[in-house]
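Please open the model in your viewer and keep the selection tool at hand, since this tour moves from one selection to the next.

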Amino acid sequence: MSAKTTILTLPEEELVHPGHRACAGCGLSILYRFGLKALGRDTILVVPPSCLTVLQGLYPIAATQLPCLNVTFASTAAAATGIIAALKVRGKEDITVAAWAGDGGTSDIGIQALSGACERGDNFIFICYDNEAYMNTGVQRSGTTPQGVITTTTPIHGKPQQKKDMPAIMAAHTISYVATGSAAYPLDVYDKIKKAKTIEGPKYIHLHTPCPPGWGFDTRYTVKVGRLAVETGLFDLYEIEHGVFRLTGASKKLLGKERKPVAAYFETQTRFRALTRARISAIQRQVDEKWAGYEA
Amino acid sequence: MAKQEHEIGWKELNVGCVIDEPGNAACYRTGDWRSQRPVYNKDRCIRCGTCYIFCPDMAIKALEDGYIEHDLYYCKGCGICAQECPADAIAMVDEEE
């Protein structure tokens, strides 16, 4: 693998403009900025309804320099397939097609089109930013909302069901590249998207995205909360390249070391206020078992 | 610069509502969302660039000499730069009237 990108080797050109309409402290805007730096100018974006549509601007405002197609919720990956086909007819096959959707647009509403595109083997990058609920419509629970989380549709006891493991679902499609990243480690995300660009076939990148209003923490803690999710072992940074799994970056450094207790992460956010002590110990046990598997 | 949405009549809309001026969000002032303002102490700055990396609003300009400058036209005052600064060179103070 090529050398890691640092602040000194990062391209200076900004493809996202300030003046975008994301909330203060938005984790997505950090990811979007680094994602577009990695994708580069020769990219066509496909975006379904999501916080990203809001971030980019309400008509007639656009925060990005790249051509961007706003499509319906369920058709993100299908629209990307269409663009690839159109580019092929026009003989412009050196252009990257990237779909960028939220967790709802990926794991709930968009999963059918995404699964189809991956099965067909279309050459595109699908990026899912996972803020663990439908944030731009007012924090409704989604398939990737973790168990026990308070949302506006699970207001008393929290969500009863488990979080859907989306990267594992995508890995089960045996696509060439699956990776995870976090807004707290934007240079790692940059490197992974750069790498995905060099690989043929469908690529899936899952990004953990802290959301201050939806998760209930002060805007200044976005990066801290994102980092805690990784340091407690709840969200792991890894990549699966042609079926080979390996932990990367901050998660790799945690191997064989003592991780922070998961309660340290839960305490930072009001959305976990319904978790009981017994529930937290159960989650801690699950995390420990998962990591025992990594270390074996 | 782009007109705001309330200034546009339907006759001026492009077919398919296509936006033909990429990146025109740059005209949109998000600085007036702010309730706290960052104050930068250059003497403490170690020029690591952490704030430049994490600013979600691209409101931190990296200068030639490695120091930084906040662009208060866009800064939404989230305070990530102050929180993440390893040298405590940025403090958040309340905006006054």
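In this predicted model, begin by selecting helix α1 of chain A, residues 27–39, together with helix α7 of chain A, residues 186–198, whose axes come within 8 Å of each other and cross at roughly 35°. The crossing of α1(A) and α7(A) is right-handed. To see what makes the contact, show the side chains of I30(A), L31(A), F34(A), G35(A), K37(A), A38(A) and L39(A) on α1(A), and then those of P186(A), L187(A), V189(A), Y190(A), I193(A), K194(A) and K197(A) on α7(A). Coloured by type, the residues of this contact divide into 10 nonpolar, one polar and three charged.

Next, select P186(A) alone, which lies in helix α7 of chain A. P186(A) counts as buried because its relative accessible area is 3%, under the 20% cut-off. Leaving aside residues up to four places away in sequence, P186(A) touches I30(A) and F34(A), and also I53(B) and F54(B) of chain B. If you then add P210(A), 24 residues apart from P186(A) along the chain, you will find the two C-alpha atoms separated by 13 Å.

Finally, turn to the largest pocket, which holds about 750 Å³ of space. Its lining consists of 34 residues, and to find the centre you can select K163(A), D165(A), L234(A), F235(A) and K290(A), which lie nearest to it. Among the elements of chain A that each supply at least two lining residues are α6 (166–171) and β6 (203–208), while α12(A) gives the most, with six residues. By type, the lining divides into 18 nonpolar, seven polar and nine charged residues.

How values were computed: Residues numbered from 1 in each chain as written. Chains lettered and ligands numbered in written order. Predicted model: local features only at pLDDT ≥ 70, side-chain atom pairs only at ≥ 80, totals over all residues. Heavy atoms only, no water. 1 Å grid on protein atoms, 1.4 Å probe; cavity = no way out; pocket = protein on both sides within 12 Å on 5 of 7 lines; lining within 4 Å. Points joined across faces, edges and corners; volume = space filled by probe spheres on them. Helix = DSSP H or I, 4+ residues; strand = E, 2+ residues; numbered from the N terminus. Nonpolar A, V, L, I, M, F, W, Y, C, P; charged D, E, K, R; others polar. Axes fitted to C-alpha atoms, helices over the stretch in contact; angles between N-to-C directions. Left-handed = near helix turned anticlockwise from the far one by under 90°. Contact = heavy atoms within 4.5 Å. Buried < 20%, exposed > 50% of the residue type's maximum accessible area, 1.4 Å probe, protein only.
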